[in-house]
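Here is a short note to go with your first look at this model. Please keep the view open beside the text and follow the points in turn.

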Amino acid sequence: MSNVWSLVKKEVRAYFGSPIAYVVMFSFLLLVGYFFYSLVLWFNAQAMQMAQNPYYAQQVNINEMVFSPLFHNMSIVLIFVIPLLTMRLLAEEKKTGTDELLYTSPLTVGQIVVGKYVAALVLLAVLLGLTAVLSVFAFVLGNPELAPWLTGYLGLFLMGAAFIAVGLFFSSLTDNQIVAAILTLMTLLLFLLLNWVSSLGSGAAWTKVVSYLSFSEHFEDMTRGIVDTKDVVYYLSVSFFGLFLAHSVLQSRRWR
Amino acid sequence: MIEVRELTKKYGELVAVDSLTFKVEPGRIWGLLGPNAAGKTTTMRILTGYLPATAGQAVVAGHDVFDEPDAVKRVIGYLPEVVPLYPDMTVAGYLAFVAEIKQVPKAQRKAAVARVLGSAGLKDVGGRLIKNISRGYKQRVGIAQAMINDPQVLILDEPTIGLDPAQIMEIRELIKSLRGEHTILLSTHILPEVTQVCDGVIIINEGRLKACGSLEELAASFERTDGVVVKLRRAGADEAALFRGIPGVEKVAVEGSEIRVEWSRGRDLRDDVARLALDRGLGLREMRSLAGIEDLYLKIVSGRSEP
């Protein structure tokens, strides 16, 4: 356990000791801030109009009209941000030869993989945590519901965690960070758009299976305050599978 | 302390190490010599548990490398060919990290970092980022990290590469000072380093063991004759004839401004050669032992030995 902790500390320091963390946080916050701002403006305009009509006035909901689309936008941005955070995790060690230090220390491959994974999760938590500051304005000035907001962030975190596991796997395959980033990005985009097929097959069984594999499919409900076990299980399974593959790739050095 | 039996490593069709067998006694310093691509680095990587062997056995500090890798990794220090450094860390921060993953007990980590900073001569750069220090310092950080867990066995892959002559001397002194408490296996291209530092050598070529033993043992088994090379004010056929007159001398040859005098192994005619040169006023400028490590090494690697 202390081994994992040492690695986590080292990786987090590596993120914050280089410009990566700051550049990513800056760009992410800038984009999310812009989304939030424009959504709030749009919400204001809508709310004004809807308030004219007593029937529609009932339906003015800041959670549905601001946070839900905001979380969707954030999930898309994460698809581009996560590969940049995960690409270096294992590829860089291989490139610079520092993996030789790790593998000749009394560390297991599992500890190395988990250490790297947790470090990226810490960065994801910081990234999401910073955007939560924006919501403070909404809570001070309006009265959104807390539960859907919390489940939205839970969904973003689980989804990000799954993305990181995928990125970690691709980083284990190569010593080239760019290759790792591109493969991760393509895979995440593909999984995001998998649910498009559901519009093709008009309810055929295979389209259901394929859409079940889509990242976006499992995120929808969480932004509305519903935590379904099947969605949580989906994200946890993807994370676990990614880590398992990364572990297998690294472990295979032992019999190659 | 290090025992290797019938060790073989294949990369696909390529045989990098071919049934290698050798043994290093505790507390001794042994050099691993060989041309490039001889299998030195591969052998060291197997010993440290970085690479699995295809066949054979390696025992380090009483633990089998394949069965108990973690037990081995805890008691060894390893300086790889490419020094494993994180450029964005400070020297002291890096050493503290290595101490952690090498499982140095928490209470002793600070002292361990201070100890290796001192012994590797890094006190002045402890707070600097690794990317900003010179090549020589980086090499020393590599040696420092190998010593952080006070290992029983040190495996150093070309420890003095990239250092200036003064630093090479310092590192050699450092390695020599570790004799006795630590068992050291080091690989090198610099042959005089072996004569100065090592108790014995293992010479490999194309993955196969060519010779193994102390320098004297190797000289005895590979060289039939012993001798000296003398440098005189003037070296010609007349002077050569004089040396040929010394009883016991077997072979005399003029090589440029030098004369090579050989006699059969076991005798020592160095005093006679020197006395002759002085008595006859030949102007002795220099006299050195013939069986240098270079000759011996080339002979062993190429597989030639005296008839």
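## Notes on the two chains

1. A good place to start is B:Ile2, which sits opposite B:Val60 of β4(B). Please keep in mind throughout that the model is predicted. The two strands behind this pair are β1 (residues 2–11) and β4 (residues 55–60) of chain B, joined by 5 bridges and running antiparallel.

2. On to the other partner of β1(B). β1(B) and β2(B) also pair in the antiparallel sense, over 7 bridges. Here you can pick out B:Glu3, with B:Lys23 of β2(B) standing opposite.

3. Next, follow β4(B) into the hairpin. Strand β5 (residues 63–64) of chain B is joined to β4(B) by 2 bridges, and the two run antiparallel. B:Val59 has B:Asp64 in β5(B) as its bridge partner. The hairpin has 2 residues between its strands, and B:Ala61 takes a positive phi near 50° there.

4. Which order do the strands of this open sheet take? The 4 strands are arranged as β2-β1-β4-β5 (chain B), with antiparallel pairing. At the edges are β2 (14–24) and β5 of chain B, each of which pairs on one side only. As background, strands of a sheet pair through backbone hydrogen bonds, in either a parallel or an antiparallel manner.

5. Chain B holds another open sheet, with 6 strands in the order β6-β7-β8-β3-β9-β10 and mixed pairing. Why is one side of β6 and of β10 in chain B left without a neighbour in the sheet? β6 (76–79) and β10 (208–213) stand at the edges with a single partner strand each, so one side of each has no neighbouring strand in the sheet. On average, neighbouring strands of this sheet are turned by 15° against each other, direction ignored.

6. Within that 6-stranded sheet, have a look at strand β7 (residues 153–157) and strand β8 (residues 183–187) of chain B, which run parallel and are joined by 5 bridges. B:Ile155 faces this partner strand, standing opposite B:Leu185 in β8(B).

7. Two helices of chain B are worth viewing against the same strands. Helix α5 (residues 135–147) lies across β6 and β7 of chain B, and runs at about 165° to β6(B). Helix α11 (residues 293–302) lies across β3 (29–33), β9 (200–205) and β10 of chain B, and its angle to β9(B) is about 40°.

8. Zooming out, the domain assignment of chain B gives domain 1 (2–214) and domain 2 (224–290). Taken over C-alpha atoms, the centres of these domains of chain B are separated by 42 Å.

9. Now for chain A. Its secondary structure comes to 12 helices and 0 strands. The C-alpha trace of chain A spans about 70 × 45 × 30 Å along its principal axes.

10. One helix pair to find in chain A is α1 (residues 2–17) with α7 (residues 109–141): their axes come within 8 Å and cross at roughly 45°. That angle makes α1(A) oblique to α7(A). The crossing of α1(A) and α7(A) is right-handed. Among the residues making the contact are A:Leu7, A:Val8 and A:Tyr15 of α1(A), and A:Ile112, A:Val118 and A:Leu123 of α7(A). By class, this contact of α1(A) with α7(A) has 11 nonpolar, 3 polar and 2 charged residues.

11. Another pair is α4 (residues 62–86) with α9 (residues 177–193) of chain A, whose axes come within 9 Å and cross at roughly 150°. This makes α4(A) roughly antiparallel to α9(A). α4(A) passes α9(A) in a right-handed crossing. In α4(A), A:Ile79, A:Phe80, A:Pro83, A:Leu84 and A:Thr86 meet residues of α9(A) that include A:Leu185, A:Leu188 and A:Leu192. The contact of α4(A) with α9(A) divides into 9 nonpolar, 2 polar and no charged residues.

12. Finally, where do the chains meet? Here 19 residues of chain B are in contact with 17 residues of chain A. On the side of chain B that touches chain A, α2 (69–75) and α3 (91–101) of chain B each supply at least two residues. The residues of that side of chain B divide into 10 nonpolar, 3 polar and 6 charged.

Methods
Residues numbered from 1 in each chain as written. Chains lettered and ligands numbered in written order. Predicted model: local features only at pLDDT ≥ 70, side-chain atom pairs only at ≥ 80, totals over all residues. Pairing = 2+ DSSP bridges. Axes fitted to C-alpha atoms, helices over the stretch in contact; angles between N-to-C directions. Contact = placed C-beta atoms within 7 Å. Nonpolar A, V, L, I, M, F, W, Y, C, P; charged D, E, K, R; others polar. Domains from an automatic or database assignment. Parallel < 35°, antiparallel > 145°, perpendicular 65-115°, else oblique. Left-handed = near helix turned anticlockwise from the far one by under 90°.
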